[in-house]
Amino acid sequence: MIPFLDLHKINDRFRPQLEAIFKECLDASYYILGTKVSQFENEFAAYCGSKHCIGVGNGLDALRLILEGFKQLGRLNEGDEVMVASNTFVATILAIKQAGMVPVLVETDADTYNFNLDDLASHISEKTKAIMPVHLYGQLAPMDAVQDLAEYHDLLVIEDAAQAHGATHHNGKRAGNLGNAAGFSFYPAKNLGALGDGGAVTTNDDALATAIRQLRNYGMASKYVNEVVGINSRLDEIQAAFLSCKLVQLDDDNAERRRIAAKYLSEIKNERIQLPSYDGSENHVFHLFVLRVEDREGFRAHLEAHGVGSLIHYPIAPHQQKAFKEFASLQFPVAEKIHNEVVSIPISPVMTSEQVDQVISILNNY
């Protein structure tokens with residue numbers, strides 16, 4: 001069996017270091033907002049090229065806290081509209097709603113699965129105050145065009161970089177340093193994954209960083225002194241230490257993901273399978289390798305019968321979710337078609353060459 005993702009094998013590469021970190025944290029008995037969190041924040045900010053990194057509880061909170069921070073600074077208000085992809089994971093939309101703002105869904109580009117730029121431009125109104133591009137599956141959104149629109153309309157740009165750790169724009173800047181702020185997830189399956197939940201905000205905005213540091217910790221300016229109404233969303237000390245350990249391997253892992261993706265793209269030759277669009281640059285870190293087939297259930301049954309794991313990211317479009325009843329009347333034909341056809345196949349830095357070849361052979365025989 002070729003698993004969709006072998007987390008045991010991924011993390012086992014770091015076992016001696018992780019066990020030593022656990023012992024160190026256990027012996028120190030300091031678990032919340034200590035030196036390990038500060039160390040990782042400094043390291044990840046430097047990695048992204050941003051001035052600040054603030055460790056938080058998860059990727060959803062990272063996005064929500066950015067919005068809440070801008071509210072504290074008077075740059076956003078409840079009721080403001082935020083442009084967001086119609087085919088993203090629901091957390092992106094939840095963050096906007098939880099901050100009291102209005103998500104405006106944008107149709108999908110059929111090739112890149114990112115924003116349809118014409119649809120994005122057509123939905124900007126006087127109520128629009130921010131754009132939240134999603135670097136879906138690990139591929140950067142069209143940030144040049146997004147920034148041009150944002151500058152023209154005086155909008156904030158907030159990256160959902162939950163799947164794009166290390167993705168690099170043609171200008172040399174990485175995800176996390178391409179807008180006013182960015183939210184990351186360190187969910188265990190991410191390219192940079194913790195051994196539990198975790199997230200971070202990156203930004204070059206000093207005032208925003210200060211606001212988010214306060215908001216993530218109950219709104220406290222100092223211990224038991226609450227200046228604003230905050231939440232409890234703090235990156236755990238031990239998870240921060242685990243992430244510092246794994247960060248040094250991230251670029252090599254991303255390079256291996258791109259190598260496997262390039263092999264898939266050059267050697268999978270089956271007219272029944274639509275492969276993803278990729279220009280060969282470092283703007284994609286292939287958190288997921290997502291292809292499309294019309295008979296998805298038949299295709300997945302073929303994979304399962306031949307010992308290849310797969311998943312669907314994501315089976316239901318956000319506007320068709322019961323949780324978002326306000327979107328029920330909307331139609332996004334491209335996004336809907338994508339949600340009905342996408343299948344994610346195995347890709348990870350610990351796959352063997354034999355496994356990659358086997359996946360290719362099985363797909364070509366479908």
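**Exercise 1. Describe how H3 and H9 pack, and state how enclosed H9 is.**

Step 1: geometry. The axes of helices H3 and H9 come within 8 Å and cross at roughly 35°. Axes here are lines fitted to C-alpha atoms, for helices over the stretch in contact, and angles run from 0 to 180 degrees between N-to-C directions. Helices (H or I, at least four residues) and strands (E, at least two) are DSSP runs, numbered from the N terminus. The model is predicted: local features need pLDDT of at least 70, side-chain atom pairs count only at pLDDT 80 or more, and totals for chains, interfaces and linings use all residues. Residues are numbered from 1 along each chain as its sequence is written, and side-chain values use heavy atoms, with hydrogens and water left out.

Step 2: handedness. H3 passes H9 in a left-handed crossing. A crossing is left-handed if the near helix is turned anticlockwise from the far one by less than a right angle, and right-handed if clockwise.

Step 3: contacts. H3 supplies Thr35, Lys36, Val37, Gln39, Phe40, Glu43, Phe44 and Tyr47. H9 supplies Glu237, Ala240, Ala241, Leu243, Ser244 and Leu247. Contact means heavy atoms within 4.5 Å. By class, the contact of H3 with H9 has eight nonpolar, three polar and three charged residues. Ala, Val, Leu, Ile, Met, Phe, Trp, Tyr, Cys and Pro count as nonpolar, Asp, Glu, Lys and Arg as charged, and the others, Gly among them, as polar.

Step 4: burial. In H9 (residues 237–247), 10 of the 11 residues are buried, so the helix is largely enclosed by the rest of the structure. Buried means under 20% relative accessible area, exposed over 50%, partly exposed in between (1.4 Å probe, protein chains only). Among the buried residues are Phe242, Cys245 and Lys246. The cover over them includes H1 (7–12), H2 (15–28), H3 (35–48) and H10.

**Exercise 2. Work out how H10 and H13 are arranged.**

Step 1: angle. H10 (residues 250–267) and H13 (residues 353–364) pack at about 30°, with their axes 10 Å apart.

Step 2: class of angle. The two helices are therefore roughly parallel to each other. Angles under 35 degrees count as roughly parallel, over 145 as roughly antiparallel, 65 to 115 as roughly perpendicular and the rest as oblique. The crossing of H10 and H13 is right-handed.

Step 3: contacts. Arg259, Ile260, Lys263, Tyr264 and Glu267 of H10 meet Ser353, Val356, Asp357, Val359, Ile360 and Asn364 of H13. By class, that contact has five nonpolar, two polar and four charged residues.

**Exercise 3. Lay out the open sheet of seven strands.**

Step 1: order. The strands run E1-E7-E6-E5-E4-E2-E3, with mixed pairing. Two strands pair if DSSP finds at least two bridges between them.

Step 2: edges and twist. E1 (52–56) and E3 (102–106) are the edge strands, each pairing on one side only. The twist averages 25° from one strand to the next.

Step 3: one pair. E2 (residues 81–85) and E4 (residues 128–132) pair in the parallel sense over four bridges. Glu81 stands opposite Thr128 in E4.

Step 4: a helix on the sheet. H7 (residues 143–153) lies across E4 and E5 (156–160), running at about 150° to E5.

**Exercise 4. Follow the chain from E11 to Pro349.**

Step 1: the strand. E10 and E11 pair in the antiparallel sense over four bridges. Arg292 has Val342 as its bridge partner in E11. Both faces of E11 (residues 342–345) are covered: Val342 and Ser344 are buried on one side, Val343 and Ile345 on the other.

Step 2: the loop. Pro349 sits between E11 and H13. Pro349 is buried, with a relative accessible area of 16%.

Step 3: neighbours. Leaving aside residues within four places in sequence, Pro349 contacts Arg13, Asp253, Glu256 and Arg257. Pro349 and Asp253 are 96 residues apart in sequence and 5.2 Å apart in space, C-alpha to C-alpha.

**Exercise 5. Find the unusual backbone angles at Ser29, Tyr137 and Tyr314.**

Step 1: expectation. Most residues other than glycine have a negative phi, and most peptide bonds are trans.

Step 2: positive phi. Ser29 has phi near 55° and lies in the loop between H2 and H3. Ser29 is partly exposed, at 45% relative accessible area. Tyr137 has phi of about 65° and lies in the loop between E4 and H7. Tyr137 is buried, at 5%.

Step 3: cis peptide. A cis bond joins His313 and Tyr314, with omega about 10°. Tyr314 is in the loop between H11 and H12 (333–341).
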